[in-house]
Amino acid sequence: MLEGGGLRGFYSAGVFDAFINAKIMFPYIIGVSAGAANALSYIAGQRGRSRQIVEHYVKDHRYVSRRNILFHRSLFGTRFVFHDIPEKHIFFDQEMYERQETRFLTGAFDCRAGQTVWFEKQSASAQIEITKASCAVPMLSPLVRYEGYHLLDGGIGDPIPIEKSLADGNTFHVVILTRNQGYTKQAFNHKHTLKLFYRRYPRLVEAMLQRHQTYNRQLALCERLEKEGKAVIIRPLQPLQVDRSTADTHKLLALYDQGQAEGETALENILNLL
């Protein structure tokens, strides 16, 4: 189970490499935003692919920059990230992804209905469109229209999708977070700007204003399950040096390698509990 976090998500990508090295594929994967995006390479079995992206392309202004907001109305360059890189530079193994039988759910927020929509694993081309929607950061990305929905970041309504996973009948969880222990999400400070920006989507505004409560509730539930032996939480043990849009190659590679090392350590605990 995966939360988002923008470029902090490369921690999760490192954890995935530890899973690939151990030849572990989970039967059920659920994620939102960057968490869901990084799961794609894991499902395709492409160890080190995300690390190569950090090494060669994250510092490119087409990946993340204010320039993208000016010309494309998005902090992250969705065309570059979701098409140019996987199709021209560091290829994504679509065949292996589609062959993998694991159940994979990606959440995106339905701005009109005011709730998360869960999309099951689909063909690679359709999955890319869903992942774009799940990664669309509020106020820094345009809405994504897909199958009649008006979609944004899946982390709005289900930032840590433990409740959906429990509803689907799962009894043991491996939770990958991208914040240090002790983090508490604070309320959104720009209420009036948000209402003006999304005046056509009042249910989206309501969910954004309640997002900190949702996050903290879901985090508390994960931590309770961990105490009961029903979950293992993997999250950065060292103080974070990056935020959602940090494009510092050295810091991101360090975070990636940290994720792999801590994922390897957590595997022993996971297997013992199982």
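1. Helices, as the word is used in this note, are DSSP runs of H or I of at least four residues, numbered from the N terminus. Helix α11, which covers residues 211-227, is such a run, and it gives the most to the lining of the largest pocket, with 3 residues. The structure discussed here is a predicted model, and the points below should be read with that in mind.

2. The largest pocket holds about 650 Å³ of space, and its lining is made up of 27 residues. Those that lie nearest its centre are Lys185, Phe188, Met208, Arg211 and Arg244. Sorted by class, the lining of the largest pocket has 11 nonpolar, 8 polar and 8 charged residues.

3. Turning to enclosed space, the structure holds 3 cavities of 30 Å³ or more, and the largest cavity has a volume of about 490 Å³. The elements that give two or more residues to the lining of the largest cavity are α2, α3 and α5 (78-89), and the largest share, 6 residues, comes from α2. The lining comprises 27 residues, with Ala37, Asn38, Tyr63, Val81 and Phe82 lying nearest the centre of the cavity. By class, the residues of this lining divide into 17 nonpolar, 8 polar and 2 charged.

4. The second largest cavity has a volume of about 50 Å³. Its lining consists of Ala13, Phe16, Asp17, Ile20, Asn38, Ser41, Tyr42, Gln46, Ser50 and Tyr256, and these residues divide into 5 nonpolar, 4 polar and 1 charged. Both α1 and α2 supply at least two residues of this lining, although the largest share, 4 residues, comes from α1. Asn38 is worth a second look, for it is among the residues nearest the centre of the largest cavity and is also one of those that line the second largest cavity.

5. What, then, surrounds helix α2, and which elements do its buried residues pack against? The helix, residues 33-43, is mostly covered, with 10 of its 11 residues buried; the buried residues are Ser33, Ala34, Gly35, Ala36, Asn38, Ala39, Leu40, Ser41, Tyr42 and Ile43. They pack against α1 (10-21), β1 (28-32), α3 (49-56), α6 (94-99), β2 (103-110) and α7 (124-134). Just after α2, Gly45 takes a positive phi of about 70°.

6. Helix α1 has 12 residues and reaches 17 Å from its first C-alpha to its last, which is close to the 16 Å expected at 1.5 Å a residue. Because 11 of its 12 residues are buried, α1 is largely enclosed by the rest of the structure. The buried residues in α1 are Phe10, Tyr11, Ser12, Ala13, Gly14, Val15, Phe16, Asp17, Ala18, Phe19 and Ile20, and the elements they pack against are α2, α3, β6 (173-176), β7 (231-234) and α12 (249-273). Just after α1, Lys23 takes a positive phi of about 60°.

7. Strand β6, one of the elements against which α1 packs, is also the place of His173. Is this residue buried or exposed? Its relative accessibility is 4%, and His173 therefore counts as buried, the cut-off for that term being under 20%. The side chain of His173 makes a polar contact with the side chain of Ser165, at 3.0 Å. Leaving aside residues up to four places away in sequence, His173 touches Ile162, Ser165, Leu166, Leu225, Lys230, Ala231 and Val232.

8. Cys222 is found in helix α11, the helix that gives the most to the lining of the largest pocket. At 1% relative accessibility, Cys222 counts as buried. Not counting residues up to four places away in sequence, Cys222 touches Met1, Ile160, Ile162, Val175, Ala231 and Ile233. Ile162 and Ala231 appear in this list and are also among the residues that His173 touches. The C-alpha atoms of Cys222 and Thr246, residues that stand 24 places apart along the chain, are separated by 27 Å.

Technical notes: Residues are numbered from 1 along each chain as its sequence is written. This is a predicted model: local features need pLDDT of at least 70, side-chain atom pairs count only at pLDDT 80 or more; totals for chains, interfaces and linings use all residues. Side-chain values use heavy atoms; hydrogens and water are left out. Buried means under 20% relative accessible area, exposed over 50%, partly exposed in between (1.4 Å probe, protein chains only). Contact means heavy atoms within 4.5 Å. On a 1 Å grid over the protein atoms alone, a cavity is a set of points where a 1.4 Å probe fits but cannot get out, and a pocket is an open set with protein on both sides within 12 Å along at least five of seven lines; lining residues have an atom within 4 Å of a point. Grid points are joined across faces, edges and corners, and a volume is the space filled by probe spheres set on the points. Ala, Val, Leu, Ile, Met, Phe, Trp, Tyr, Cys and Pro count as nonpolar, Asp, Glu, Lys and Arg as charged, and the others, Gly among them, as polar. The expected span of a helix is 1.5 Å times one less than its number of residues. A polar contact is a pair of N or O atoms within 3.5 Å; within protein, one must be able to donate a hydrogen and the other to accept it, and residues adjacent in sequence count only if both atoms are side-chain atoms.
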